[in-house]
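User: I am new to this structure and would be grateful for a close look at its largest cavity. Which residues line the largest cavity, and which elements give two or more residues to the lining?

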Amino acid sequence: MRRGGRRAEWAAVAAITLGAAALRLLYIGKVSPDPFYDAAVRSMALSWHNFFLGAFEPSGSVSIDKPPIDLWLQVASVKLLGFNSTTLKLPEAFAGIASVPLLFAAVRRMWSATAGLAAAAALAVLPVEVITSRSDTMDAVMMLTLVLALLALVRAAETGRRTWLLAGAAALGLAFNVKLLESLVALPGLAVFLYLGLPGTRAHRLSRMALAAVLYVAVALSWLTATLLVPAHDRPYAIGSSNGSAWNAAFVFNGTDRLGGKSPEPQPGAYKPGHRYPVATQADRDRIPIVPPSATRLLSRIGPLSGQRLGMEVLLALLLGIPALLWGARGGRGWDANTDPAAREARARMRRASAAGVGLWMLTGIVLFSHMARLHPRYVEGFTPAVAAMLGIGVAWALAPSSERRRANVRLAVLTGSLLVAVLYGERLLYGTPGIWWLSLLCALGAITLAALARAPGAPSPAAPASTPGAPSAATPAPRAPRRDSLARAGAVTLTLVSILAIPLRADVTAIETHITFAGYVGAMPSEQQRLVSSYVRAHQRGARYELAAASATAIGSLIVQDAGPVLVLTTYAGRVFTPIDRLRRLTAQGQVRYAFLNSVCGRRATHANPACSAPVKWVREHASDVSREAGLSRTGLLYRLPGVAP
């Protein structure tokens, strides 16, 4: 490629990346933080023991339910820039930004520069990814590692070098350490890509893939294995596990329980088919639960995982991407006949591998997230790179030059049908904002018109008579207008992307304006209640080791964020007792804990999953003194002075 063309490509990538940065960083400090993970960041910053093991509270008695790899980045951020809402989210935001040019680089090598640019633009504005990158969770970092793995494996297929193959395997292992089983959504597709894309015989490819698999497993299980080297008495109890083991939390609580829909966490109300949900504002729609599992769940009109945020791009990726993967990956038809045969074969192999690998990655994500019983919107980061890549490949294929009229007509028909379906679907998603719909429609019509006008530059038509020396110039076909056709095609690509991405971009702007987050609120206390509890117990500590005892590990996160004080955890998830009554009595007698915060009620129907119904919490209510009113709280039954403690 000419140097000027390459410069134009990277200038376009830079512009798309700057746009992605604006969407992810604008007003990020106003997005609500996640008290659960922020408490862990606060605690991990206090000691190397807490840092390595992902301690949830400062004394390191319990840990979060996942490997702390992502939180290490957050600890580094707050150590360098100070602890605040913005610095906590910067690693996630920068991960989302960095994924855009990296996806371009991968898709460009897989397919073409046009496909890479379209994929980068699709990922840059994909609302579910933008909101996740602005949220205080680790999913965006996990997605970045998947894109890194894809790029490394593409280079391995291109060059055949083992170094790139092992780098890709290590990146996939790192993705597992960041978000566990969510990263496995990419694994089948990337394995198929490797099998079809690596050069050499079948035996040679399988042997190299086996080596990569060994490295992947070693990296994926490295942190979990390292925790076993820590003495049992120094090892925090993994929140969410049934036995305190980080392995149990990883593969049961965050594995089989998630797939099966089991959860001790409070969940929003179930979606009610036929119920008239509010549509006036985006904030209203975010209070709607995700629709139940079904084949069309990802195309739903309402809810936090609505069509504006994901389904629009998924639909277009299917409509444009499937024909591209089926026809565009065939051999080397239509390519320059003067190209070196070995290069043509390598190119054909890369496209076949890309078609199968990206297609399977996309299909795995659609099937899993359409039928997963317990789904949070941020989980779909496991396949957002495949959605963007497939959409980019589809756009590039539909608008690629072709010297065969029949093939050009098929592409134009696919483009026309896809854009019109998208415009009609988009009209259902806009909730009274017709301006965006008209923009999408006009751009679609403009893209179709320019695509029809564009002609393939190149050699004379095969039907033209061969010219002979001395023959009149009329015997030579009229010269093409390659520059005009190239400009028309570039305009068609631009208008196609605007038509497709106008509605998702509108959803981005709304999410930024309303400070939407996909993070959870586990451990969030009302601000006034938190201030009063903190002021009272800190004024009456008298040298106690623990700031207070908490009914549940997940009930006190925002207080840990504020005070960074050790908390005595009475129960973990599902009301599992962590501090037995005998130990609570002993610590109270020794003056190591003086107060208890109980923010839940057992009720008439006692259940083992409710922390308020656990033995230590019941003991506190029966034997301790309620000082809620004394602390200035609006209701009783929240703050208790433990028995034997002087006022």
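Analyst: The account below begins with the cavity and then turns to a helix and to aromatic rings. The model is a predicted one. Under the rule applied here, one cavity of 30 Å³ or more is counted, and the largest cavity has a volume of about 30 Å³. Its lining is formed by Ile-64, Asp-65, Lys-66, Pro-67, Trp-223, Leu-224, Ala-238, Ala-246 and Ala-249. Two or more of the lining residues come from each of the helices α12 (222-227) and α13 (246-260). By residue class, the lining of the largest cavity has seven nonpolar residues, two charged residues and no polar ones.

Helix α13 also takes part in an aromatic pair, since Phe-253 lies in α13 whereas Tyr-573 lies in the loop between β4 (567-569) and α23 (581-589); the pair therefore ties together parts that are 320 residues apart in sequence. The ring centres of Phe-253 and Tyr-573 are 5.0 Å apart and the ring planes meet at 25°, so this pair is stacked. The structure holds 14 aromatic pairs.

A further element to examine is helix α5, which covers residues 85-110. At 1.5 Å a residue, the 26 residues of α5 should span 38 Å, and because the end C-alpha atoms are 38 Å apart, the two values agree. Helix α5 nevertheless bends by about 35° at Pro-91. At the start of α5, a side-chain oxygen of Asn-84 comes within 3.0 Å of the backbone nitrogen of Thr-86.

Note on methods:
Residues numbered from 1 in each chain as written. Predicted model: local features only at pLDDT ≥ 70, side-chain atom pairs only at ≥ 80, totals over all residues. Heavy atoms only, no water. 1 Å grid on protein atoms, 1.4 Å probe; cavity = no way out; pocket = protein on both sides within 12 Å on 5 of 7 lines; lining within 4 Å. Points joined across faces, edges and corners; volume = space filled by probe spheres on them. Helix = DSSP H or I, 4+ residues; strand = E, 2+ residues; numbered from the N terminus. Nonpolar A, V, L, I, M, F, W, Y, C, P; charged D, E, K, R; others polar. Expected span 1.5 Å × (residues − 1). Bend = angle between axes of the 7 residues up to and from the residue. Polar contact = N/O pair within 3.5 Å; in protein donor to acceptor, adjacent residues only side chain to side chain. Phe/Tyr/Trp six-rings, centres within 6.5 Å; stacked < 30°, edge-to-face > 60°.
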